[in-house]
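I set out to record what I looked up in this structure, entry by entry. The notes begin with strand pairing and end with backbone geometry.

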Amino acid sequence: MNHIKRSRMFVIYTLIALLLIVGIFTITWLNNAEDASSKTISESPSIAGQPQDGNEQTKVSIVEFGDYKCPSCKIWGEQVWPQLKQDYIDTGKATFAYINTMFHGEESNLAAQASEVVYMNYPELFWEFHKAMFDEQPSQANHDDLWVTETNVLEIAAAVIPDLDVEKFKTALYSQKILDELDLDQQQVDQFNIQQTPTIVVNNIVMDNPFDYAAIQRAIEHELNIER
């Protein structure tokens with residue numbers, strides 16, 4: 001009987017050990033799966049002087065490196081941004097900032113210049129202008145068509161800004177002050193080796209897939225729960 005009892009106990013202990021091993025393996029696998037959706041960099045992008053939406057005092061900053069000529073940025077703004085804004089920006093849990101990332105030549109540059117003029121002179125209307133620019137972007141099939149022109153950005157600005165001084169806005173577009181601001185954006189694009197738009201960064205966590213909202217949530221919740 002003692003022999004049988006010892007054998008049963010051995011089986012039970014073996015099963016417990018196997019369950020523990022499986023549990024540890026599962027946890028490790030899940031952690032690795034989560035880690036695969038993002039990477040950590042040494043520091044967060046600076047949002048000083050960038051247009052921001054949300055609670056600027058929060059410990060979580062979400063940055064979009066975006067381009068007004070980028071069709072994926074337009075889709076991200078339509079599909080991901082509304083939920084992100086509802087869950088984290090409007091609730092005061094995070095702040096959101098946009099950094100111009102000019103990957104599509106002169107049109108990207110001109111669109112970015114216009115956005116900087118609006119932010120510098122009409123900051124309260126920036127996000128409305130920002131959305132209007134993406135709304136103006138043609139369908140994905142035609143996004144390479146010429147659509148960012150001086151005439152077009154002035155029309156968009158006039159639709160957003162009451163009593164716009166068009167000539168003053170036009171002059172500001174090419175001012176050295178605006179070009180200097182875009183140079184600061186470009187420095188961050190280079191510093192963080194941004195290769196695609198949109199690139200979403202949560203504090204110092206770069207999301208591998210900007211459309212994976214669950215991964216973005218995990219990164220935000222992780223940062224919210226860190227004691228600083």
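**Entry 1: pairing.** I began with strand 2 (residues 52–54), which is joined to strand 4 by 3 bridges, the two running antiparallel. I noted Gln52 opposite Ala97 of strand 4. The model I am reading is a predicted one.

I then turned to strand 3 (residues 61–66). This strand runs parallel to strand 4, and 6 bridges join them. Here I found Ile62 standing opposite Phe96 in strand 4.

**Entry 2: strand 4.** I next asked how many residues of strand 4 (residues 95–100) are buried. The count is 6 of the 6, so I describe the strand as largely enclosed by the rest of the structure.

I also sorted the side chains by direction. Thr95, Ala97 and Ile99 point one way, while Phe96, Tyr98 and Asn100 point the other way, and all are buried. Side chains in a regular strand alternate between the two faces of the sheet.

**Entry 3: Glu64.** I returned to strand 3, where Glu64 is placed. I wished to know which side chain of opposite charge is nearest to Glu64. I found Lys74 to be the nearest, at 12 Å, and Glu64 has no salt bridge although it is buried. The salt-bridge cut-off is 4 Å.

I listed the contacts of Glu64, leaving out residues up to four places away in sequence. From strand 4, Glu64 touches Phe96, Ala97, Tyr98 and Ile99. The list also includes Cys73 and Trp76, together with Pro198, Thr199 and Ile200.

**Entry 4: Pro198.** Having met Pro198 among the contacts of Glu64, I examined its backbone. The peptide bond from Thr197 to Pro198 is cis, and I read omega as near -5 degrees. Pro198 sits in the loop between helix 8 (176–191) and strand 5 (199–202).

**Entry 5: positive phi.** I looked up Asn193, which is located in the loop between helix 8 and strand 5. Its phi is near 50 degrees, a positive value in a residue other than glycine.

I also looked up Asn203, in the loop between strand 5 and strand 6 (205–207). Asn203 is not a glycine, yet it has a positive phi of about 55 degrees.

Lastly I asked of each asparagine: buried or exposed? Asn193 has a relative accessible area of 51%, so I entered it as exposed, the cut-off being over 50%. Asn203 has 6% relative accessibility and therefore counts as buried, the limit being under 20%.

Methods:
Residues numbered from 1 in each chain as written. Predicted model: local features only at pLDDT ≥ 70, side-chain atom pairs only at ≥ 80, totals over all residues. Heavy atoms only, no water. Buried < 20%, exposed > 50% of the residue type's maximum accessible area, 1.4 Å probe, protein only. Helix = DSSP H or I, 4+ residues; strand = E, 2+ residues; numbered from the N terminus. Pairing = 2+ DSSP bridges. Lys, Arg positive; Asp, Glu negative; His and termini not counted. Contact = heavy atoms within 4.5 Å.
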